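Reader: I have a model with a bound ligand open on my screen. Please walk me through how to read its features, one by one.
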Amino acid sequence: MKRVVITVVGSSNTDMVIQGTRIPAPGETCVGGRFFMAAGGKGANQAVAASRLGAEVHFVGAVGDDWLGRQALDGLRAEGIHIEHVHSRPGVPSGVALILVSRTGENAIAVAPGANETLTSSDIEAVAPLIRCSDLLLLQLEIPLDAVCAAARVARNAGVRVLLDPAPAPVHPLPRELIACVDLIKPNFVEAARLVGHEIQDRHDAATAAKELRAMGPNIVIITLGSDGVVVLADGEPEHVPAFPVNAVDTTAAGDAFAGALAVAWATGTNIRNAVRFAAAAGALAATKPGAQPSLPTRAEVELFLAARGNESSERRDLYP
Ligand code: ADP
């Protein structure tokens, strides 16, 4: 694959994680487990995922002028990511995510966005030349919608591919103008359900949702279903691609690993079938390690995994045989 240029416009957070026994119910306290901090935020995670998989990555975002922000920037720099367009906002706290992980690998997450909320469409206009000369623009929904829309518009007008991971699940319907600027949308099933306004309980519901999402504009719709793999709608009818079976310990950044890998492979010109396979391998590998950024695999790890396990998930299955 050739080295592609990917611009990520998105969030950077510090994840504060407790790996406990189970996720407490409201009002309940669960004692036990282990605490650690790690760099996170969907934007930064996906930037790191794409960089570790071989892309030249430019990150556009905002952190606070505090030690968490400085640590986040140091981390991105150490990954070789270009951070010239990350704003450091005086007097604003950096974004923080509190993450609870159960023994079975499920998670519950609360995010205080802090500086991420300060990113404006004017900040995006200032980086329009960078977006225009990228191979792909990678977006999520952890920054103000105005900024997301502005970035998508710049890319669309310049003919640059736009990949939107509509996460976290939007509370309100997304602006039609945003979805119309997106080439590939990659929600998980919770986010997809929110976007189409009905429940997704199985692959068939996901296939229906994929068709509804495609009708809104994106050429390609990929709905991720955790350990049940993905439903892909590109040409023709929706298809199911199973996940690689792995021993999952923490699925926190599986979706981010998947998105970053999909961006790299698809921007390179790989067909969508192989791009999904590459992304599924990255997602599966991320689920085998705790934390967000620490769990994101390198290109060598994904290639080794695919060489060893390639046949386990490579076959697409028709949803309507
Ligand atoms: P999100 O983290 O956004 O909810 P998913 O949990 O759907 O995303 O995971 C994204 C992709 O990562 C899945 O479609 C799958 O390919 C892979 N993945 C996630 N969890 C597992 C798992 N437990 N085993 C194998 N692959 C997984």
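Reader: Which helices each supply at least two residues of the shell around the ligand?
Author: Start with the shell, then ask which elements build it. In this predicted model, helices α9 (254-267) and α10 (272-287) each give at least two residues to that shell.

Reader: Which residues come nearest to the ligand?
Author: The shell has 18 residues, and the nearest are Asn188, Thr224, Gly226, Phe244 and Gly255. Next, sort the shell by class. There are 10 nonpolar residues, eight polar ones and no charged ones.

Reader: How do I read polar contacts here?
Author: Look for N or O pairs within 3.5 Å. A side-chain N or O atom of Thr224 lies 2.8 Å from a ligand oxygen. For the side chain of Asn188, the distance to an oxygen of the ligand is 2.9 Å. Gly229 uses its backbone: a polar atom there is 3.1 Å from a ligand oxygen.

Reader: How much of the ligand's accessible area does the protein cover?
Author: Compare the free ligand with the bound one. On its own the ligand has 550 Å² of accessible area, and the protein covers 88% of that. The ligand's space is also the largest pocket.

Reader: How many aromatic pairs does the structure hold?
Author: One. To classify a pair, check the plane angle: over 60 degrees counts as edge-to-face. The Phe244 and Phe305 planes meet at 80°, with ring centres 5.1 Å apart, so this pair is edge-to-face.

Reader: Why does the pair tie together parts that are 61 residues apart in sequence?
Author: Place each ring on its element. Phe244 sits in the loop between β13 (239-241) and α9, while Phe305 belongs to helix α11 (residues 299-309), so the pair links parts 61 residues apart in sequence.

Reader: Which peptide bond is cis?
Author: Check omega. It is near 0° for the bond from Ala167 to Pro168, which is cis. Pro168 is in the loop between β9 (161-164) and α6 (176-180).

Definitions and conventions:
Residues are numbered from 1 along each chain as its sequence is written. This is a predicted model: local features need pLDDT of at least 70, side-chain atom pairs count only at pLDDT 80 or more; totals for chains, interfaces and linings use all residues. Side-chain values use heavy atoms; hydrogens and water are left out. A residue is near a molecule or strand if one of its heavy atoms lies within 4 Å of it. A polar contact is a pair of N or O atoms within 3.5 Å; within protein, one must be able to donate a hydrogen and the other to accept it, and residues adjacent in sequence count only if both atoms are side-chain atoms. Accessible areas come from the Shrake-Rupley method with a 1.4 Å probe; for residues, only the protein chains shown count as cover. On a 1 Å grid over the protein atoms alone, a cavity is a set of points where a 1.4 Å probe fits but cannot get out, and a pocket is an open set with protein on both sides within 12 Å along at least five of seven lines; lining residues have an atom within 4 Å of a point. A molecule sits in a cavity or pocket if more than half of its atoms lie within 2 Å of its grid points. Helices (H or I, at least four residues) and strands (E, at least two) are DSSP runs, numbered from the N terminus. Ala, Val, Leu, Ile, Met, Phe, Trp, Tyr, Cys and Pro count as nonpolar, Asp, Glu, Lys and Arg as charged, and the others, Gly among them, as polar. Rings of Phe, Tyr and Trp (its six-membered ring) pair if their centres lie within 6.5 Å; planes under 30 degrees apart count as stacked, over 60 as edge-to-face and the rest as tilted.
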